[in-house]
Amino acid sequence: MGYTAVNPTSMGHVFPRNSHQKDLILGSSMRKETWGFNLYLPKLKYQSRKSFCCKNELIDFEERTSSNEVKKEIEQCYELIHRLGRGVVYLGSSRIGPGHPHYEKTFELGSKIADLLDCTTWSGAGPGLMDAAMQGALQAGKPVGGFKIGKEAGEWTATNFHAYLPSESYLTCRFFSARKHGLVDAVVRCRSSDRTAVVVLPGGIGTLDEVFEIMALIQLERIGSLLPVPLLLMNYDSFYSNLLEFLNDCEKWGTVSKGEVASLWEVCNNNSEALDYLAEFYGLSPIETKRRDSESSECRSLS
């Protein structure tokens, strides 16, 4: 007696070789012929393209089929950086708004770092902590630039325009890859006079995605910077302490070398530690740091 494997999901491709098999397959009470085991396939649930809707508007994934479109957007990111200048990139949650302690701390940090390093402040140009850093830099009278994405986490309405930044200071990206290229290139240091940094604020999946990608680029020396770029992890209220414990466990398991993670970033528990680290990293004397703070206070009082 011959046996035929029957796949219930592809009956149209089964061709019986004799009348007996035909009865087995096409009979009203189908029998399952197996080799001593029963195979039960789960019912698969397929999501249609319409399930990726945003207020009844379909996201156009077809544009990703053209590498030229991605390349064009990356070039636009580079042009924006060339116009505004490299500086400090802030990565952080889009969900933490005004009134939250981390928002207030980020606002202060954005203002003081912009003053200290006298550079452009960059972010994803979104709400939350990204907004706090930008607002702080603007209060300090320093330039601000951003790489916005049409949809931030928690914002289910696609928005292509920023609430207060002039259109020439930010770019709304369609591709996450282009946005990431921009955020990385904004901190590249080609000269010793370049003062840049990556500041990691409390955040979720998007923030962790960006910071670990940048860490990997630094680790593998693929960030494209001729000179070292400081990476600061702002551990406000022990926000990242569990993550740091996990990375310590990674050392115990041998998935990272001992001391490897610590060599890639500086963990700061408050703004003072971050400012002191950057002042030391760039060789800024305490006198110069205090002078910048006093000048910033005077400017704010005059305004």
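Biologist: How are α5 and α6 set relative to each other, and why call them that?
Modeller: In this predicted model, α5 and α6 are oblique to each other, because their axes cross at roughly 60° and angles of 65 to 115 degrees would be needed for roughly perpendicular.

Biologist: Within what distance do the axes come, and which residues does each helix span?
Modeller: The axes come within 11 Å, with α5 covering residues 176-185 and α6 covering residues 205-219.

Biologist: Left-handed or right-handed crossing?
Modeller: The crossing of α5 past α6 is right-handed.

Biologist: Which residues meet there?
Modeller: From α5, Arg-179, Lys-180, Leu-183 and Val-184 meet Asp-209, Glu-210, Glu-213, Ile-214 and Leu-217 of α6, and by class this contact has 4 nonpolar and 5 charged residues, with no polar ones.

Biologist: Switching to α4, how many of its residues are buried?
Modeller: In α4, which runs over residues 129-139, 8 of the 11 residues are buried, so the helix is largely enclosed by the rest of the structure; the buried ones are Leu-129, Met-130, Asp-131, Ala-132, Ala-133, Met-134, Gly-136 and Ala-137.

Biologist: What do they pack against, and what follows the helix?
Modeller: The buried residues of α4 pack against the strands β3 (87-91), β4 (120-123) and β5 (144-149), and against the helices α3 (101-117) and α5, while Gly-141, with a positive phi near 80°, follows α4.

Biologist: And the protein overall, how many helices and strands, and what share is buried?
Modeller: The protein has 10 helices and 9 strands, and buried residues account for 40% of its 303 residues.

Technical notes:
Residues are numbered from 1 along each chain as its sequence is written. This is a predicted model: local features need pLDDT of at least 70, side-chain atom pairs count only at pLDDT 80 or more; totals for chains, interfaces and linings use all residues. Side-chain values use heavy atoms; hydrogens and water are left out. Axes are lines fitted to C-alpha atoms, for helices over the stretch in contact, and angles run from 0 to 180 degrees between N-to-C directions. Helices (H or I, at least four residues) and strands (E, at least two) are DSSP runs, numbered from the N terminus. Angles under 35 degrees count as roughly parallel, over 145 as roughly antiparallel, 65 to 115 as roughly perpendicular and the rest as oblique. A crossing is left-handed if the near helix is turned anticlockwise from the far one by less than a right angle, and right-handed if clockwise. Contact means heavy atoms within 4.5 Å. Ala, Val, Leu, Ile, Met, Phe, Trp, Tyr, Cys and Pro count as nonpolar, Asp, Glu, Lys and Arg as charged, and the others, Gly among them, as polar. Buried means under 20% relative accessible area, exposed over 50%, partly exposed in between (1.4 Å probe, protein chains only).
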